[in-house]
Amino acid sequence: MRKFSTRELALAGLVAAVYAVLSLAFQPISFGVYQVRIAEALTVIPFLTAAAIPGLFIGCLLANILGGMGWLDIVIGPLITLFAGILTYYAGRLKRHTLVGACAIAAIALMWIGAIYLLTSFEFTSKSIGGVILSFAGLLPVVFASIGKQKVNPLIKEHFWTIVIVMLILILVSILLLISTDDLFFLVCGSLLLIAAVLSAITLTWILIKGHNQGILLAPFPPVILNAFGVSAYLAGIIGVDYWFCVQMIGIGQLIACYVLGLPILIILKRRKIFG
């Protein structure tokens with residue numbers, strides 16, 4: 001394994017410091033079952049450079065030591081972050097493949113389902129069913145782009161920005177129709193997830209019609225999945241809640257942190273070639 005350069009070591013230290021500071025600055029929502037750890041937005045950076053992996057590990061370790069959730073969180077939490085960082089790094093090196101696209105679509109589907117769950121609590125009325133249909137319609141262009149042939153993709157490309165505007169309008173209207181909860185956490189997180197789902201769908205649609213690698217949409221996926229199932233394995237016992245409920249809440253928080261915040265950060269860093 002190659003040694004890190006001085007610049008990469010400095011980057012690792014910066015990532016560690018920012019991760020720890022963000023976790024503690026937003027402590028009320030960084031720990032526990034109902035959490036959206038803002039610092040997890042940084043977990044997409046290994047997609048661009050391996051130097052971020054040890055930085056994330058150390059940052060998570062420092063945050064969890066000071067977070068007060070106990071030794072399991074101190075030991076297991078950073079290890080999950082380390083493993084997720086490694087998987088995100090290799091996601092950046094995947095070649096274009098059907099499985100990559102399928103996983104990217106799965107991430108979008110998870111955000112959509114999570115949003116429906118939060119905004120409606122799965123108690124459907126005629127109004128909320130209309131919202132479900134509208135929100136699904138807002139995601140359809142990515143389906144067409146996924147299966148599109150020579151005639152379909154150029155058509156989507158030609159009218160891309162019109163399609164984007166229509167998708168966003170459909171999602172905003174569907175949010176108003178779906179809302180049937182008084183819980184502020186559910187309301188905010190559900191709305192953010194639905195917006196993230198359509199923005200990710202827009203990104204994936206553009207990638208597909210341009211023929212680019214879809215791996216960038218997989219970058220936030222490992223920390224979402226590993227934290228949802230891994231952190232919940234010990235946190236549910238510490239807090240005293242049902243494991244699957246904990247999986248849902250941690251997973252939703254991770255989707256928001258990694259996709260709503262992390263994915264735009266990754267796209268900007270990649271476009272500006274900050275890490276080469």
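No disulfides were found when the whole of this predicted model was searched. Two cysteines illustrate the result. C60 takes part in no disulfide, and the cysteine sulfur nearest to that of C60 belongs to C258, 12 Å away. Because a disulfide requires two cysteine sulfur atoms within 2.5 Å, this separation does not qualify. C189 is likewise in no disulfide; here too the nearest cysteine sulfur is that of C258, at 13 Å.

The accessibility of both cysteines was also computed. C60 has a relative accessibility of 2% and therefore counts as buried, the limit for this class being under 20%. C189, with a relative accessible area of 5%, is buried as well.

Attention then turned to the open spaces of the model. Rolling a probe the size of a water molecule over the atoms shows where empty space is left. The largest pocket identified has a volume of about 830 Å³. Its lining comprises 28 residues, and those lying nearest the pocket centre are T203, W206, I207, I267 and R271.

In terms of secondary structure, two or more lining residues are contributed by each of the elements α8 (160-178), α9 (184-210) and α11 (243-271). Of the elements, α9 supplies the largest share of the lining, with nine residues.

The chemical character of the lining was also assessed. Nonpolar residues number 19 in the lining of the largest pocket, alongside six polar and three charged residues.

Technical notes
Residues numbered from 1 in each chain as written. Predicted model: local features only at pLDDT ≥ 70, side-chain atom pairs only at ≥ 80, totals over all residues. Heavy atoms only, no water. Buried < 20%, exposed > 50% of the residue type's maximum accessible area, 1.4 Å probe, protein only. 1 Å grid on protein atoms, 1.4 Å probe; cavity = no way out; pocket = protein on both sides within 12 Å on 5 of 7 lines; lining within 4 Å. Points joined across faces, edges and corners; volume = space filled by probe spheres on them. Helix = DSSP H or I, 4+ residues; strand = E, 2+ residues; numbered from the N terminus. Nonpolar A, V, L, I, M, F, W, Y, C, P; charged D, E, K, R; others polar.
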